[in-house]
Amino acid sequence: MGIRIGGNIEKVNAKELSYSEFVLKYMEKNQPVVMMGLMDDWKACKDWVFDNGKPNLQFFSTHFGNSRVQVADCGTKEFTDQKRVEMSVSEFVDHWLENSMEEQSSASTNLSHGHHVLYLKDWHFVKEYPEYLAYTTPLFFCDDWLNLYLDNYRMHKDPDTYQANNEISCSDYRFVYMGAKGSWTPLHADVFRSYSWSANVCGRKQWLFLSPSQCNRVFDRNMKGSVYNIFDDVSEKEFPGFKEAIWLECTQEQNEIIFVPSGWYHQVHNLEDTISINHNWFNAYNLSWVWNLLLRDYDEAKEYIEDIRDICDDFEGLCQRNLAANTGMNFNDFYFFLTHFCLANVVELCCLRRNCENSIRSSSLVAQHLAMNLRSVQKIVLEIESVGGLAGNRGIFLDIRETLDDPSFLNLCMGLERVYGMIHKLKGGFIDTRKDLVDDLMDLDSIRTNGSQVFKAEELVIFIDKAIAKLGGTNGDEIDLLSERDGA
């Protein structure tokens, strides 16, 4: 069964695109785009690639050869994905070079050795080699709450399963991918229904995209399982809607970056030997996608163990543990994340109001951006509350004074300041004194009990309203809020 191609992904010269244009045309509208002109000064494009465009594999063996990485066997399916094995980078490179030599020999003798192609995926390169500055995240993708948060906190920490020596494996969503011609990734939508961007350091990729409005067409009749490989002979009986799906196609060339929006299913094939850099990320514009995925996965986790509800001492706790194991976080993790980003955005508003050196226009743009972030968080908190998502949880106990003394939280605030300063061309360095911040924040505290607040959902909603009214210079009605784009 062939697939129906309905069009191609737009390609743009990113040097002629402003940040606000990118937001309006692609991020806010949740549309994919290929961007050129963003990788000219990347170290990776010099060190990792020969002049002829081929990957310099020996460079990886020499400088990063001892790293342990996950490698997919592209010819073997295991459950719903490709089989994964662990090996060192040097072992992976040796396998790649050996297969390449055998393929060249086979081509000259018309013989086939039948080796499966291996694909190195999800290498946490930035975390493992922070001093080797392989690239700079393009400005368009810098408003990255996910990785900024994970640079300072863990998304989920279960005391029963936490291992201190496993820091890198779950520490961020910045990856390097390496695969020979013929390596590929099966049909999927990205983790957390995040955005992603993928930069081809060398090689070419073929992308096939399916819009969120059509994603039901790749699921079975029960909406449980999805198509693994769209180029297989897909069963019409099992996947009755598949033949009606209309795909968008794109060939990504060397030195091009593709923006993958939330909820778009895609399958990717390496047309040549390829190295790419990939980030998953989310921010105020796609928080609804993250929450909707969590809610859907929670319902599935609950349904799966419903028959033991009556004999389970903590049925809800078990559901949340299973949710975290399957999805990467649970309701409490997400709420903790939202609470800290809420407070960090309020801190930035406090600092912005006290700072007098920046232009009125730039300051106003940053204030609007921060207020929009807060409204986005507030919207999700209200949705969490409406479905009883924090039932049995009294909230996040947050002492403002202690939080402002926490180096991790201050790093989070400085990260936000740096990002929005770059986006809106604002001078940096406006983090104020701790005393001033405490005074401002305590004035917003609706409870005012010994300087602490239990951030229940309804309290957080009030806190945001007060922050925007007092610090944003507006009642919130004048702010350009998010478009109504739920991840349904």
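Visitor: Before we start, what does "buried" mean here, and what makes R174 buried?

Guide: Buried means under 20% relative accessible area. This is a predicted model, by the way. R174 has a relative accessible area of 13%, and since that falls under the 20% limit, R174 counts as buried.

Visitor: And why is D151 called partly exposed?

Guide: Its relative accessible area is 36%. Partly exposed covers the range between 20% and 50%, so D151 fits that label.

Visitor: How do you know that D151 and R174 form a salt bridge?

Guide: The cut-off is a side-chain nitrogen of Lys or Arg within 4 Å of a carboxyl oxygen of Asp or Glu. For D151 and R174 the N to O distance is 2.7 Å, so the pair qualifies.

Visitor: What makes that pair a link between distant parts of the chain?

Guide: D151 sits in the loop between helix 6 (145-150) and strand 7 (174-179), while R174 is in strand 7. They are 23 residues apart.

Visitor: Why does K224 with E303 count as a salt bridge too?

Guide: Their side chains meet at 3.6 Å, N to O, and that is within 4 Å, so the name applies. K224 belongs to the loop between strand 10 (205-210) and strand 11 (246-252), and E303 to helix 7 (residues 287-304), so the pair ties together parts that are 79 residues apart in sequence.

Visitor: Are those two residues buried or exposed?

Guide: Exposed means over 50%. K224 comes out at 51% and E303 at 54%, so both labels hold.

Visitor: What about E306 and R309: how do you know that they form a salt bridge?

Guide: The closest N and O atoms are 2.7 Å apart, within the 4 Å limit, so they make one. E306 has 36% relative accessibility and R309 has a relative accessible area of 35%, so each is partly exposed.

Visitor: Which residues do salt bridges with shared partners join into one network?

Guide: K127, D151, D172 and R174. The whole structure has 18 salt bridges.

Visitor: Moving to the nonpolar side, which residues touch the most other members of the largest core?

Guide: W48 and F334, in a core of 132 residues. Helix 9 (residues 331-354) supplies the largest share, 15 residues. Domain 1 (5-281) and domain 2 (286-472) each give this core at least three residues. Another core, of 14 residues, lies apart from it, with L208, V227, V234 and A245 among them.

Conventions:
Residues numbered from 1 in each chain as written. Predicted model: local features only at pLDDT ≥ 70, side-chain atom pairs only at ≥ 80, totals over all residues. Heavy atoms only, no water. Helix = DSSP H or I, 4+ residues; strand = E, 2+ residues; numbered from the N terminus. Buried < 20%, exposed > 50% of the residue type's maximum accessible area, 1.4 Å probe, protein only. Core = buried A, V, L, I, M, F, W, Y, C linked by side-chain atoms within 4.5 Å. Domains from an automatic or database assignment.
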